[in-house]
Amino acid sequence: EQAMQIRADQEKLQNRPEPRTIPLSGFIGEGTEDNPYIIDSTKKLKQFRDNVNEGHSFKDMYFKVTQNIDLYEENDGVPVSWIPINGFEGNFDGGNCFIQGLYIESSAWYQGLFGSVALGNLKNINLEVKKLGFSGSYSGGLVGIIEQGSVSDCFVKGDIITGEEAIMIGGIIGNADRSDISNCRFSGNIGTRDDDNANGANIVGGIVGDLLDSDIKSCVSVG
């Protein structure tokens with residue numbers, strides 16, 4: 001039953017509507033490899049996120065972070081959970097800057113800085129976690145699920161707390177399908193809410209929770 005659910009979710013991602021791509025207003029750059037769109041603030045990262053989540057995949061376009069970014073925010077003293085970037089199909093270069101303060105407390109599937117990436121590439125991202133509480137599946141610090149893409153030279157630091165019924169939880173990636181992962185590092189612990197170990201969760205890994213026809217090399221998990 002679990003395998004059937006996994007396959008159904010993968011087919012749902014593969015059969016999503018044809019993505020739209022539009023120029024980003026207010027961004028420096030042209031979205032090309034030589035002149036990528038520049039993300040230099042929390043506001044710009046959220047604007048990028050919102051455009052992707054509205055259905056603009058930015059397929060084959062390029063983005064680069066040029067300043068450290070702090071994502072943590074509160075509303076009347078209550079932490080605000082980050083809404084993941086879902087459906088990205090472009091190239092995202094973290095510029096070796098630090099994206100810190102990532103806070104997620106969610107029961108939804110596909111959680112992380114990015115929820116889902118298809119045919120996209122993530123590189124040079126340094127991510128510092130404030131708190132990650134995943135009750136749903138296909139979740140990771142950097143990306144919940146990546147299909148036919150790559151993750152390289154990325155670092156995630158922080159602890160992840162999972163629900164006992166969650167599957168495919170990774171320090172960096174929840175599920176990698178036909179993707180390449182290289183030179184990545186996770187520093188932290190992954191545990192369940194009850195006893196601080198991952199025995200209750202299924203398919204858990206420091207770098208990636210589950211690999212499907214994917215390659216991984218030169219990666220380290222410490223915790």
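**Group meeting talk: the core, the strands and the cysteines**

Let me begin with how the chain folds back on itself: among the contacts in the protein with a separation of 6 or more, 82% are made by residues 24 or more positions apart. I should say at once that this is a predicted model, so please keep that in mind as we go through the details. The protein holds 2 helices and 25 strands, and of its 223 residues, buried ones make up 50%.

I would like to start with the aromatic rings, since they lead us into the core. The count comes to 14 aromatic pairs, and one of them is formed by Phe48 and Phe88, which meet edge-to-face at 5.3 Å centre to centre, with 80° between the planes. This pair links distant parts of the chain, because Phe48 belongs to helix H2, residues 42-53, while Phe88 belongs to strand S6, residues 85-88, and the two are 40 residues apart. Both Phe48 and Phe88 are buried.

Phe88 also has a second partner, Phe63, and that aromatic pair is edge-to-face as well, at 5.9 Å centre to centre and with 70° between the planes. Here too distant parts of the chain are linked, for Phe63 lies in strand S2, residues 62-65, and is 25 residues away from Phe88 in strand S6. Phe63 and Phe88 are both buried. If you step back from the single pairs, you find that ring pairs join Phe27, Tyr37, Phe48, Phe58, Phe63, Phe88, Phe92 and Phe114 into a cluster.

Which residues does Phe48 touch, if we do not count residues up to four places away in sequence? They are Phe27, Ile39, Phe58, Phe63, Ile85, Phe88, Phe92 and Phe114. The largest nonpolar core has 48 residues, and the members that touch the most others are Phe48, Phe63, Phe88, Phe92, Phe114, Leu122 and Leu142. Strand S11, residues 126-134, gives this core its largest share, which is 4 residues. Apart from this core lies another one, of 5 residues, among them Tyr138, Ile145, Ile167 and Met168.

Rings can also have a charged group placed over them, and there are two examples to look for. The charged end of Arg49 sits over the ring of Trp82, 4.5 Å from its centre, and the charged end of Lys130 sits over the ring of Tyr72, 4.8 Å from its centre.

Let us turn to the strands, beginning with strand S13, residues 143-147, which is mostly covered, since 5 of its 5 residues are buried. Strand S9, residues 114-118, runs parallel to S13 and is joined to it by 4 bridges, with Val117 standing opposite Ile146 in S13. S13 also pairs in the parallel sense with strand S18, residues 173-177, again over 4 bridges, and there the bridge partner of Glu147 is Asp177 in S18.

Elsewhere you can find an open sheet of 3 strands, with parallel pairing and the order S12-S17-S22. Its edge strands are S12, at 139-140, and S22, at 202-205, each of which pairs on one side only. Between S12 and strand S17, residues 167-170, the parallel pairing runs over 2 bridges, and Ser139 stands opposite Ile169 in S17.

Finally, the cysteines. A disulfide is a covalent bond between the sulfur atoms of two cysteines. How many disulfides does the structure hold? The number is 0. Cys154 is in no disulfide, and the nearest cysteine sulfur, that of Cys184, is 4.8 Å away. Why is Cys219 without a bond to its closest cysteine sulfur? The sulfur of Cys219 lies 4.6 Å from that of Cys184, which is too far for a bond, because a disulfide needs the two sulfur atoms within 2.5 Å. Cys154 is buried, because its relative accessible area is 2%, under the 20% limit, whereas Cys219 counts as partly exposed at 23% relative accessibility.

Cys184 appears once more when we look at Ser152, which has its place in strand S14, residues 150-152. Is Ser152 buried or exposed? With 17% relative accessibility, Ser152 counts as buried, because the limit is 20%. Leaving aside its neighbours within four places in sequence, Ser152 is in contact with Leu122, Lys123, Asn124, Ser182 and Cys184, and Leu122 is one of the core residues that we met earlier.

Notes:
Residues numbered from 1 in each chain as written. Predicted model: local features only at pLDDT ≥ 70, side-chain atom pairs only at ≥ 80, totals over all residues. Heavy atoms only, no water. Buried < 20%, exposed > 50% of the residue type's maximum accessible area, 1.4 Å probe, protein only. Phe/Tyr/Trp six-rings, centres within 6.5 Å; stacked < 30°, edge-to-face > 60°. Lys NZ or Arg CZ within 6 Å of the ring centre and 35° of its normal. Core = buried A, V, L, I, M, F, W, Y, C linked by side-chain atoms within 4.5 Å. Contact = heavy atoms within 4.5 Å. Pairing = 2+ DSSP bridges.
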